Amino acid sequence: MSPSEPTPPTTPALNDPSLYFNRELSQLDFNFRVLAQACDTRLPLLERLRFLCISCTNLDEFFEIRAAAVRHAFDLGGTLAADGIMPDTLMHRIRERARELIDAQYSVFYEQLRPALAAEGIRLLQRDQLGPEQLAWLRRYFRDEIMPVLSPVGLDPAHPFPKILNKSLNLVVTLEGHDAFGREAHMAIVRAPRSLPRIIRVPDVDGDGDAFHDFVFLSSILSEFVDELFPGMTVTGAYQFRVTRNSELIVDEEEIDNLALALRDELAGRGYLRAVRLEIAEQCPQPIVRMLLDNFDLAENAVYRIDGPVNLNRVSQVYDLVKRPDLKFPPLHPRQLHDAETIFERIAAGDVLLHHPFDAFTPVLELIRQAAEDPNVLAIKQTLYRTGKDSSIVEQLVQAARNGKDVTVVVELRARFDEEANLGLADRLQDAGVQVVYGVVGYKTHAKMLLVVRREGDGLRRYVHLGTGNYHSGTARAYTDLGLLTADPAIGNDVHLVFQQVAGLAPAISLSRLLQSPFTLHAGVLERIRREAELARSGRPARIIAKMNALNERQVIQALYEASQAGVHIDLLVRGACTLRPGVPGVSDTIRVRSIIGRFLEHHRVYWFGNDGEPELFGSSADWLERNLLRRVETAFPIEDPGVAARVYEEVLDNYLRDNQTAWELHADGVYRRVPQAEGQPPHSAQDWLLAKLCG
C-alpha cells in the first residue's frame, strides 16, 4: 500500500469496551421511552398520567438498586466496569442523565398533563390556587386527620436527628422563638407517616357540583398548616425532602443456617440502609441542604432539587380516585378457554398455548384447582417467585395439602421487594403441611414451573405448565407473557428432574428437552447462535429473532456480533436495558434492536433460530442477562407443536417486528428513535392487533 492510499478502517475487537453500552445508563434511558408515552396524545389522558408515574417509580428503583451498587463500588475504591467506565465517572453520568429525566418528568406534569387534566375537570391544586372555603375545609382536615398522627422532632442536643425512612415524605422546618421550656427553637423535622394518604380529595365546598374533581398533595397541606404544630413560635421556612436508600438485601447464604430468619432480620432494617439520593424543595437554603447531606453521609452530587412535590409518583392515586372510563383504556376482556372436558382432558388432547393478557390466566388457576380436588392427583410441585396478595394459587395449594396430596413448593424468598410477602406465604404453606423449600444457595429460582402427577389407568401421567411470567393473576392482566400447558412425557420428565434437583440434593442431570440455567441454557443459546453463523458462512439462509426484557451477557453479545459478521440477520426485541450496540460497521451491521412500549408491559422471552429451514423456538423465564444465564435457576422450553409454534411466531415475533406505532429502534450512537410509519404503510400496533385478534 502506498503512503498516499488511505488506511482501511479496522474492525474493533469484540472485547473493545466501545462495543458495549453501559448497563446502568441503558436501564436509566428506558424511562425516557416510558415518559414519552405520557406525551402521546393518542393515549387516554389518565393512562398518560400512569406512564408518568411508572417512569417515576422506575427511577426510584434505579436509585435503590443500580445507583446504590455503583456508589458501593465507588466507596470500595472502584474498579473498571465492563464498558470501560470507572465508578466515579459513571456516578457523574448517572446524575446528569437522571437530572435530565427528572426535569422532563416535572415539565410533562406541569406543562402537559396538569393543564389537560384541569380541562377535563380534574384539578391538582397548588396552595395559591385554593379558595377560602377549600382552605377552611383543609384546615379542619389537617387538625382532625393529620395533626394527631404527626410527631415533630426539634433538633437540639437532646433530640438527635431522627431516623428517616426510605422514600418517605418529610419537612425540615426553620423556626424562631422559644418553646414551653424556654428553649430557643431553630429547626425541626416533621415526618409524614405512611398511614397518611399522599393525595387528598377536596369535597365540593365551592359549589362547583360534579364538574370538578379537586385534589391536593399532602406535602402542600403540611406546608400550609405546619405553623399549627409549633404554637408560640414563628415558622420561617418549611421545605419538603425525601431520601432514597439502598434497598438491596445482602445475605451471606454460605454463612447462615436459616435463610428465612436471616431475611427477616435484614428486612427489619431495609428502610434505613445507606442513603443514595436526597430530593429537596428547590427553594431550600444551601446551609440546610448541607446539614441534611452531612446527616445522610451524601456528597453534593447526590442532591436533586425539586420544583414541586418530591414524590411525583403519588399522583398515581388520582387514576383510581377518578371514575372516568372515557379517560382510560377500554376494559380488557381476555379470551377464555372454553372446553366441556376437564382441564386434564384438554391438555392430554394437545399442547395449549396461553398468551397473556389476551388469553385469560384462568386455565392455570383451573389446573391447580382441579388438581387439588381430583382424587387421582397424587402430587403437585410448583415454583413461586411473585404471587400477589391473597393469591388464589396459594389457597388451592393449601387445600391440596389438606386433601392429602403431596405438595412441594419452591418459594424464592429473595424476589426483590417481595421478600416479606414470600416469607408470609411460605409460613402459610408450611402450616398447611406443604413441603416448602427455598431453592439453591447462591442461585435464585426464577423458573416458572408447575407439575401435576395424576394416576390414569395403570400408570402415572405428568401435566405441566411452563411460563415466561409469574404465577400472579394481577400481572397476568398487565404483562405480556406466554404459558404452555402440555402432557408431553419428555417435558414432564425434565420438569420432574429439575424439581428433584432444586428441592433435593440431586447430582447434575441430563435433560432431554429443556435448557436449564445455570447448566445448559447459556451454552445452548451460544451453540444455536454459532450454528446460525456457520449456516451463513456456508451460504445458507440464517436468521435469529429473540424477544426479552434486557440483554447484557458479554459472551452472548460477542456471539451475536460474530454471527452478524458472518451475515446472519438478527432481530432483537428488547424492552429495557440493552448493552449490545447495533449497526456498527463491520461488527453488527445486520443486527436490529427494537423496544416496544405500550399499554401492557412487554415481558415474554422467546428465542427463535432459523436452523436451516427447521426452526427451533423456545419460551423462557430468562433474559439474556449475566444473572439469568449464569447465576439463577431458569428454564427454556421448546415449543414444537406446529400450530402452537406458528401462533407464537405470528403473535410474538412477526407481529412485534411490524409495529410502527409503539416501537423504538436503538441506533449505533445509543439513542432510541421512534420507528416511523413508512409512506403507504398501514399503522400497526402489536398490542392493539393482539387485542383485536384474541379479545375482539
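## Exercises on cysteines and two serines

The sulfur of C39 lies 12 Å from the closest cysteine sulfur, which belongs to C56, and this is too far for a bond. The model is a predicted one.

**Exercise 1.** Work out how many disulfides the structure holds, and why C39 does not bond to C56.

*Solution.* Step 1: a disulfide requires two cysteine sulfur atoms within 2.5 Å. Step 2: C56 has the closest cysteine sulfur to that of C39, and because the separation is 12 Å, no bond forms there. Step 3: the count for the structure is 0 disulfides.

**Exercise 2.** Decide whether C39 is buried, partly exposed or exposed, and do the same for C578.

*Solution.* Step 1: buried means under 20% relative accessible area, and exposed means over 50%. Step 2: C39 has 29% relative accessibility, so C39 is partly exposed. Step 3: C578 has a relative accessible area of 1%, so C578 is buried.

**Exercise 3.** Locate S247, classify its burial and find a polar partner of its side chain.

*Solution.* Step 1: S247 sits in the loop that runs between β7 (234-245) and α6 (259-269). Step 2: its relative accessible area is 1%, so S247 is buried. Step 3: the side chains of S247 and E64 make a polar contact at 2.6 Å.

**Exercise 4.** Describe the surroundings of S168, a residue in the loop between β2 (153-154) and β3 (170-176).

*Solution.* Step 1: with 5% relative accessibility, S168 is buried. Step 2: its side chain reaches the backbone oxygen of L165 at 2.7 Å. Step 3: once neighbours within four places in sequence are set aside, S168 contacts R194, F241 and R242.

Key
Residues are numbered from 1 along each chain as its sequence is written. This is a predicted model: local features need pLDDT of at least 70, side-chain atom pairs count only at pLDDT 80 or more; totals for chains, interfaces and linings use all residues. Side-chain values use heavy atoms; hydrogens and water are left out. Buried means under 20% relative accessible area, exposed over 50%, partly exposed in between (1.4 Å probe, protein chains only). Helices (H or I, at least four residues) and strands (E, at least two) are DSSP runs, numbered from the N terminus. A polar contact is a pair of N or O atoms within 3.5 Å; within protein, one must be able to donate a hydrogen and the other to accept it, and residues adjacent in sequence count only if both atoms are side-chain atoms. Contact means heavy atoms within 4.5 Å.
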